[in-house]
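Okay, thanks for squeezing me in. I'll put the chain up on the screen, and then we'll walk through it together.

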Amino acid sequence: TAPLIEIKSSSGGLTEFRSNHFGGQLRGNLIASQYLGSLYRVILTPDGKGVEPSSDPAIPLGDGTTEGRVGEYGLGVTQAPSGELIEVRLETNHIFFHRPEEPSTSSMVVTTVFPYRGGEAGGSVLHIYGKNLVKNGNTPKVTVGGKTCPVTISKAFRVACTLPGGSGTVDIVVKVGAETSVFQAGYRYIKGF
């Protein structure tokens, strides 16, 4: 099978971006770190089986200058459970958190979930991150694939619930009072896991 894309060497980290941070523009993209280079974005086709032509070669995140380069001396990259990118920079002995500057809002919004996949039996804890997830003392109500996910922790920025059983890729819906936020295709049930 031919590769989807060839990424510049030496790329030491690769992660799928699952968050709606950065306006949802990176969700479903692959982020690669290049040693002595930038973080790179690989835009997958909607079915995830190909790469958009604009990604060949991968698109650097940052302006390409030393001062504006995101990921200088990058060794590895991953996504934090709350949606930020975490990058290890070997030569500078630093760990960087790339946090988006999101516009302030009074609306309730879900930005990411963790984990985003697990077994069909359910029973594990799902963490939902966002803004204004608790409002006016109202505890959020969560459904995963249309089934109730009983809430065990509720804070303005994070809600935890116990996953129901299910199958396939499903939406996560959070309701607080009259507000609803849908995290589309937010969780994937895996057979035999």
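So, let me start with salt bridges: the count for this chain comes to two. Keep in mind that what you're looking at is a predicted model.

Take the pair with R18 and E16. Their side chains meet in a salt bridge, at 3.6 Å from N to O. How buried or exposed are these two? R18 is buried, with a relative accessible area of 13%, while E16 has 27% relative accessibility and counts as partly exposed.

Now the other pair, K135 and E179. Here the closest N and O atoms are 2.5 Å apart. The pair links distant parts of the chain: K135 sits in the loop between β10 (125–131) and β11 (141–144), E179 is in strand β16, and the two are 44 residues apart. K135 counts as buried, at 19% relative accessibility. The cut-off for buried is under 20%, so K135 falls on the buried side of that line at 19%. E179, at 24%, is partly exposed. As a general point, side chains of opposite charge can pair when their charged atoms come close.

Next up, the pocket. The largest one has a volume of about 480 Å³. Which residues lie nearest its centre? They are E16, R18, G28, P46 and A185, out of a lining of 20 residues. You'll recognise E16 and R18 there, the partners in that 3.6 Å salt bridge. By type, the lining divides into six nonpolar, seven polar and seven charged residues. And which strand gives the most to this lining? That's β16, residues 179–190, with four residues. Strand β16 is also where we just placed E179.

Zooming out to the whole chain: we have zero helices and 16 strands. Of the 193 residues, 39% are buried. And if you take contacts between residues at least 6 apart in sequence, 51% of them join residues at least 24 apart.

Last thing, confidence. The mean pLDDT is 84, with 89% of the residues at 70 or more. There is one stretch to point out, residues 63–71, where the pLDDT is below 50; beyond near neighbours in sequence, that stretch has 20 contacts in the model.

So, to pull it together: two salt bridges, a chain with 16 strands and zero helices, and a largest pocket with E16 and R18 among the residues nearest its centre. That's me done, happy to go back to any part of it.

How values were computed. Residues are numbered from 1 along each chain as its sequence is written. This is a predicted model: local features need pLDDT of at least 70, side-chain atom pairs count only at pLDDT 80 or more; totals for chains, interfaces and linings use all residues. Side-chain values use heavy atoms; hydrogens and water are left out. On a 1 Å grid over the protein atoms alone, a cavity is a set of points where a 1.4 Å probe fits but cannot get out, and a pocket is an open set with protein on both sides within 12 Å along at least five of seven lines; lining residues have an atom within 4 Å of a point. Grid points are joined across faces, edges and corners, and a volume is the space filled by probe spheres set on the points. Ala, Val, Leu, Ile, Met, Phe, Trp, Tyr, Cys and Pro count as nonpolar, Asp, Glu, Lys and Arg as charged, and the others, Gly among them, as polar. pLDDT is the predictor's confidence in each residue, from 0 to 100. Contact means heavy atoms within 4.5 Å. A salt bridge is a side-chain nitrogen of Lys or Arg within 4 Å of a carboxyl oxygen of Asp or Glu. Buried means under 20% relative accessible area, exposed over 50%, partly exposed in between (1.4 Å probe, protein chains only).
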